[in-house]
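Q: I am new to this structure. Please take a close look at a single part of it, and then connect that part to the rest.

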Amino acid sequence: MPETPDTGEVPQLTFGQRVQRARTRTGRTRAYVADVMGHSEEWVKAVERGTIAMPRLPKLLRLAQVLGVEDIAELTGDERIAAASFTKAEHRQLPVVKQALNKPQLATAARPAEPVDVLAARLRQAWKLWHATEQPAARRDFGEGNRTRIGRLLPALLADTRHAARTLEGADRRKALMAQAEAYHLAQLFLSFQPAPDLIMLTGDRAMTAAQDADSPRAIAAAAWYVNHVHRDAGEAAEARVELAEQAVALLPDTDDPECIARRGLLYLAVALSYAKTGQAGDAWRYWDKADAAARRLGDDYAHPWLIFGRGIVGGYAITMHNDLVQPGKALEVADALNLREIPSATRRSYHLIETARAHGLLNEGAAVVSYLQRAHRESPETIQFNLYTRSALPGLVTSGPRMVREDAEDLARELGVPV
């Protein structure tokens with residue numbers, strides 16, 4: 001392959017080809033790279049073949065170290081990486097939530113536990129706030145966005161569910177433990193896209209522990225769904241995520257109970273997303289079909305009240321899967337057919353719009369990227385404000401996007417506090 005006379009670089013090499021070149025030059029096998037990175041050989045092969053996208057900055061830096069590459073540009077080529085773009089923004093409520101999670105709390109007989117039906121009602125209200133459409137004031141200054149509202153409720157919810165789980169007995173204790181697991185799920189959602197990876201892992205582990213202590217297959221299934229999200233975003237090995245989801249599925253009774261069907265469908269969706277992340281398309285779509293069958297079994301109008309499982313999100317996550325498999329054209333076909341109104345959650349609708357923008361970004365369609373990010377912003381300002389794709393895409397659109405959209409991209413970046 002001919003080299004350019006100035007730099008010796010081969011401009012047509014893809015990211016995957018650059019990774020393969022670096023690996024073979026240093027004599028490292030795919031098995032070695034997979035082992036050190038905590039992935040399978042299939043993941044390394046998918047990276048080199050370009051069937052999954054370039055990883056985010058932290059994993060990219062780790063990969064460069066494993067391959068013995070000192071200059072990351074050797075892997076990225078002309079794809080400029082601005083560290084500030086990939087830096088997770090910190091929500092102003094994060095210190096308060098950190099304190100609530102780290103604060104030691106001993107059970108005291110002097111303070112009676114809140115009744116479990118009251119805890120359940122508080123959680124129902126919290127979930128409604130998380131999924132609700134944000135009010136105009138939030139659109140102006142993020143004063144009362146979904147994440148802000150949950151951040152304010154979390155300290156008391158965490159304290160009260162933990163206290164109830166420690167002081168109540170019998171059936172009430174089991175219900176308190178299930179409530180505690182849900183409170184930790186809300187904490188996981190608040191912490192997503194925040195610079196607190198240790199706390200994200202902590203909440204996932206605590207939620208699963210509470211669910212297991214409650215001896216509730218339903219609670220364990222929900223915890224497995226959220227743990228899958230945490231580990232997938234952190235780049236943990238797909239095999240462990242898949243095994244956890246399948247074990248949780250096995251615990252659920254095979255009944256016509258919508259609660260069990262929805263949780264089983266969610267776990268199939270978790271497995272599908274994990275396989276798509278590692279480029280294993282056949283397994284990914286096989287499990288997506290199972291999730292879709294569960295959603296169809298529940299009916300077109302069904303959506304779980306807080307897990308939001310239904311046909312809407314099964315279709316929405318198909319966009320993400322196609323993106324992870326570097327199939328943006330297929331992602332956009334799904335997006336065109338998706339009815340967002342079937343998803344009764346502003347945060348989920350915003351996320352799926354961001355994923356649609358990502359598909360357009362893979363096709364270098366800057367005008368469409370900005371348009372969909374603007375729509376995502378209208379749905380849920382705080383969801384898009386802390387999204388990593390948004391924070392990485394906007395700076396490039398401001399400086400080198402189509403001239404007709406640079407001003408819109410800059411306005412959106414300024415409003416979201418994204419450095420450009």
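A: A crossing of two helices is called left-handed if the near helix is turned anticlockwise from the far one by less than a right angle, and right-handed if the turn is clockwise. That term is needed for the part chosen here, the pairing of helix 11 with helix 12. The model is a predicted one.

Helix 11 covers residues 170-191 and helix 12 covers residues 197-213. Their axes come within 8 Å of each other and cross at roughly 160°. An angle over 145 degrees counts as roughly antiparallel, so helix 11 is roughly antiparallel to helix 12. In the sense defined above, the crossing of helix 11 and helix 12 is left-handed.

The residues that meet can be listed for each side. Helix 11 contributes Arg173, Leu177, Gln180, Ala181, Tyr184, His185, Ala187, Gln188 and Leu191. On the side of helix 12, the residues in contact are Leu199, Ile200, Thr203, Gly204, Arg206, Ala207, Ala210, Ala211 and Asp213. Sorted by class, the contact of helix 11 with helix 12 is made up of 10 nonpolar, five polar and three charged residues.

A second helix pair can be set beside this one. Helix 22 (residues 388-400) and helix 23 (residues 403-416) have axes that also come within 8 Å, with a crossing angle of roughly 140°. Helix 22 and helix 23 are therefore oblique to each other. Their crossing is left-handed. From helix 22, the residues Thr390, Arg391, Leu394, Leu397, Val398, Thr399 and Ser400 take part in the contact. They meet Arg406, Ala409, Glu410, Leu412, Ala413 and Leu416 of helix 23. By class, this contact has seven nonpolar, three polar and three charged residues.

Glu407 is another residue of helix 23. With a relative accessibility of 58%, Glu407 counts as exposed. Between Glu407 and Leu397 there are 9.2 Å in space, C-alpha to C-alpha, and 10 residues in sequence.

Both pairs belong to a chain with 23 helices and zero strands. The chain has 420 residues, of which 51% count as buried. Taking contacts between residues at least 6 apart in sequence, 68% join residues at least 24 apart.

Salt bridges add further links elsewhere in the chain. Side chains of opposite charge can pair when their charged atoms come close. The count here comes to 19 salt bridges.

One of these is between Glu74 and Arg25, whose closest N and O atoms are 2.5 Å apart. Glu74 belongs to helix 5 (residues 73-76) and Arg25 to helix 1 (residues 15-25), so this pair ties together parts that lie 49 residues apart in sequence. Glu74 is partly exposed, its relative accessible area being 23%. Arg25 is partly exposed as well, at 48%.

Glu48 and Arg30 form another salt bridge, with 2.9 Å between the closest N and O atoms. Glu48 is in helix 3 (residues 41-49) and Arg30 is in helix 2 (residues 30-37), so the two ends of the pair are 18 residues apart in sequence. Glu48 is buried, with a relative accessible area of 4%, whereas its partner Arg30 is partly exposed at 23%.

A loop residue takes part in the next salt bridge, where the side chains of Asp300 and Arg311 meet at 2.7 Å, N to O. Asp300 sits in the loop between helix 16 (281-298) and helix 17 (311-324), while Arg311 is in helix 17, and the two are 11 residues apart. Asp300 is exposed, with a relative accessible area of 51%. Arg311 counts as partly exposed, at 24% relative accessibility. Salt bridges can also share partners, and in this way Arg111, Glu114, Arg122 and Asp160 are joined into one network.

Another loop residue is Asp257, placed between helix 14 (238-251) and helix 15 (258-277). Its relative accessibility is 22%, and Asp257 thus counts as partly exposed. The C-alpha atom of Asp257 is separated by 9.5 Å from that of Leu298, which is 41 residues away along the chain.

To return to the chosen part: helix 11 and helix 12 are roughly antiparallel, and their crossing is left-handed.

How values were computed:
Residues numbered from 1 in each chain as written. Predicted model: local features only at pLDDT ≥ 70, side-chain atom pairs only at ≥ 80, totals over all residues. Heavy atoms only, no water. Axes fitted to C-alpha atoms, helices over the stretch in contact; angles between N-to-C directions. Helix = DSSP H or I, 4+ residues; strand = E, 2+ residues; numbered from the N terminus. Parallel < 35°, antiparallel > 145°, perpendicular 65-115°, else oblique. Contact = heavy atoms within 4.5 Å. Nonpolar A, V, L, I, M, F, W, Y, C, P; charged D, E, K, R; others polar. Salt bridge = Lys/Arg side-chain N within 4 Å of Asp/Glu carboxyl O. Buried < 20%, exposed > 50% of the residue type's maximum accessible area, 1.4 Å probe, protein only.
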